[in-house]
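The exercises below ask you to read a structure step by step, first where two chains touch and then where a pocket opens. Try each task yourself before turning to its solution.

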Amino acid sequence: MTETLKLTVDRRDRVAIVYTEGYINNQGGEEIAKVAYELIGEGYRNLLLNLAGTKIVNSIGISILIEVIEKMLEVEGRLAFCNLTPTIEKTFHIMGLAQYAGIYRDEPAAVDGLKT
Amino acid sequence: MDTQRALWDELLALAAREGDDRSYLEKLLGAWTRERGVESAALYLDGEGGGERLAAVGRGEYPAELAEGALAGLVTVGLPGGRLAYRDAVPPASDPLLLLLAGALRTLRMKRQLKQQRFQVDYRGVELEALYEVGLAIASTLDPRELSEVILLRAVSLLDARRGALYLLEDGRYRLSNTIGGEAIAEIEAADPRVEVLLSAGVAALEILPGAAHLLAVPIQIDGQPRGLLAVADKESRQGVGPFPPADRRTLGLFANQAAIALENARLHVQALEKERLEREMELAAEIQRRILPKSVPTVGGFDLFGWNRPARQVGGDYFDFLPLQGGRLGLTVGDVSGKGIAAALLVSTLHSAIRLLLDRIEVGPTLLQRLNQHILDSSAPNKFITLLLAELEPSSAVLRYFNAGHNPGVLVGQDGRVLTLGPGGLPLGLMPRATYREECLELRPGDLLCLYTDGITECMTPEDEEFGIERLTALLREHSRLPLSELAARIEATTDEFARGQPQGDDQTLLLLRRL
């Protein structure tokens, strides 16, 4: 009955890209965190969340994303977001996520940003 | 002594560094275990689910999350907002390092609270932004489906709902317009008493969102009239889902109000567009009809002619025409289609084409009328018919042959004051199959004035529902029989308008005037 967030991971050289499809809420956020921590465990220090398939995020989802950002900072890694809807991008700015994570218009720009 | 000094220096450096709380706690905990001769220990921060492990040292197994009885068999020391757990049988004792651990734990707890408060303050900004953006969307989008999506997305995310649905009222049923987070039932009977229970009491009497544990729904209303439903389900927290607090009903209501304004704007916009489209089509139809009616009056030696038409709406069901025939003869026709507006105008168009085409092959006579009757019967709705007066003038002999298919009797006023009426000689066209039509004939004398008209003239009404009538028309024709025909027509128009005393024109008005010089 309840739709869950779908995640797809593309492991590339030095950057892992996680594609989301659906609602980033408590369940969705936990899924992202789980995948992110696995990627950190695999040694990835550059993580990109491509939110092209996400139109909605709630406060629980945001708090989990903040935890993922903190985790990345702890391991001296970097997290970036791309393809955000204008609403989500504005929300990330208000909530301070943009201070600690890069926000890019599209995936190539984000990958370049993470590699430099 | 050097080791001790190095430890203190390291702790001091860690304490000064922002964001290294866990490292600091681990280092401190390690120092404490060495000091106390304990092999392993863990430090927990109290939380909603029991406790979160912040640091652990040594080989012992310490759970990351504290559940009921998780620390059974361990020695625990209560600290402000947390606890220290260790396995060895060393009795708890206070010492400077333990005090430092307590202080660090307290600081961490305060930092977390501060962070949480900052998060909530920031999220208030998101809420305000959401309301502002919904307002902007209302101003910039008139697509009801797009609007309902914006509103539902905002409501679901701001209320931390796991799911949501927006329904719009159509034909007595709430139909699903948008859903987020899972399935929703496609439609709800508006008269279902459970809808009222759901909206007023907040009881999940209807399973709008199948499988949802906690439902909150509010009506979307315009001027107290229901237009839709906005529903959300299952308030999320880190621990799972729960019911919505009362404040959320007010917030959802606010979104429903916004939705109502937006959807009403969109509906009015669609209505305005439709009206504009219809007006354009009516204008086009009026243009087509103007082209059907004669643009000029033919010149016939020994006779004056004039035609005038004023539809009650943009397009009308009246028709008149001058038809040049072989041998210098002239056809004159006045018709009236039952009804008004577009439907009548379409039948006028049919009649016009049929007369023109048939006259290419058939002389004015009973066969022509019968063929016209059959054509109108075949090409119009069962309740539609046309009254028609079709005449043929032989200018050289001044003989007028005519057929009156159920039309208002024409009026002939002689210079000598005599009055003749051109009464009916058959049924209106399109009423009955195999109808027959009788030919009548009269000779026009010099000064004779013939007036063919439609009932919009004689049935023109006063506010008291008094008809203008054929007698007043005849009197007018007799009184002004010598006026130029255009002036006579203008006089008839002005007199009927005066008679109506501001009453709106109820029917199309047509005049065809013929005078023998």
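The model used in these exercises is a predicted one.

**Exercise 1.** Describe the contact between chain A and chain B, and find which elements of chain A take part in it.

*Solution.* Begin with the residues themselves: chain A brings 26 residues to the contact, and chain B brings 28 residues. Next take the area, where about 2400 Å² is buried between chain A and chain B, with 54% of it on carbon and sulfur atoms. Then turn to polar contacts, for which the count between the two chains is 11 residue pairs, both residues being at pLDDT 80 or more. On the side of chain A that touches chain B, two or more residues come from each of helix H1 (26–41), helix H2 (59–74) and H3 of chain A, and H2(A) gives the most, with 9 residues. Sorted by class, the residues on this side of chain A are 10 nonpolar, 9 polar and 7 charged.

**Exercise 2.** Work out how many salt bridges cross the interface of chain A and chain B, and explain why the pair A:Lys55 and B:Glu149 joins two chains.

*Solution.* As a starting point, side chains of opposite charge can pair when their charged atoms come close. Over all chains the structure holds 41 salt bridges, and 5 salt bridges are found across the interface of chain A and chain B. In one salt bridge, the side chains of B:Arg238 and A:Glu67 meet at 2.9 Å, N to O. In another, between A:Lys55 and B:Glu149, the closest N and O atoms are 2.3 Å apart. Because A:Lys55 lies in the loop between strand E3 (46–53) and H2 of chain A, while B:Glu149 lies in helix H4 of chain B, this pair joins two chains.

**Exercise 3.** Determine which elements supply the lining of the second largest pocket, and how its residues divide by class.

*Solution.* The second largest pocket holds about 460 Å³ of space. It is lined by 22 residues, and those closest to its centre are A:Thr87, B:Glu133, B:Val150, B:Leu153 and B:Arg154. At least two lining residues come from each of helix H3 (86–94) of chain A and helix H3 (96–140) and helix H4 (144–158) of chain B; the largest share, 7 residues, is that of H4(B). By class, the lining has 11 nonpolar, 5 polar and 6 charged residues.

Methods
Residues are numbered from 1 along each chain as its sequence is written. Chains are lettered from A and ligands numbered from 1 in the order in which they are written. This is a predicted model: local features need pLDDT of at least 70, side-chain atom pairs count only at pLDDT 80 or more; totals for chains, interfaces and linings use all residues. Side-chain values use heavy atoms; hydrogens and water are left out. On a 1 Å grid over the protein atoms alone, a cavity is a set of points where a 1.4 Å probe fits but cannot get out, and a pocket is an open set with protein on both sides within 12 Å along at least five of seven lines; lining residues have an atom within 4 Å of a point. Grid points are joined across faces, edges and corners, and a volume is the space filled by probe spheres set on the points. Helices (H or I, at least four residues) and strands (E, at least two) are DSSP runs, numbered from the N terminus. Ala, Val, Leu, Ile, Met, Phe, Trp, Tyr, Cys and Pro count as nonpolar, Asp, Glu, Lys and Arg as charged, and the others, Gly among them, as polar. Contact means heavy atoms within 4.5 Å. Buried area is the accessible area (1.4 Å probe) that two parts lose on being put together, summed over both. A salt bridge is a side-chain nitrogen of Lys or Arg within 4 Å of a carboxyl oxygen of Asp or Glu. A polar contact is a pair of N or O atoms within 3.5 Å; within protein, one must be able to donate a hydrogen and the other to accept it, and residues adjacent in sequence count only if both atoms are side-chain atoms.
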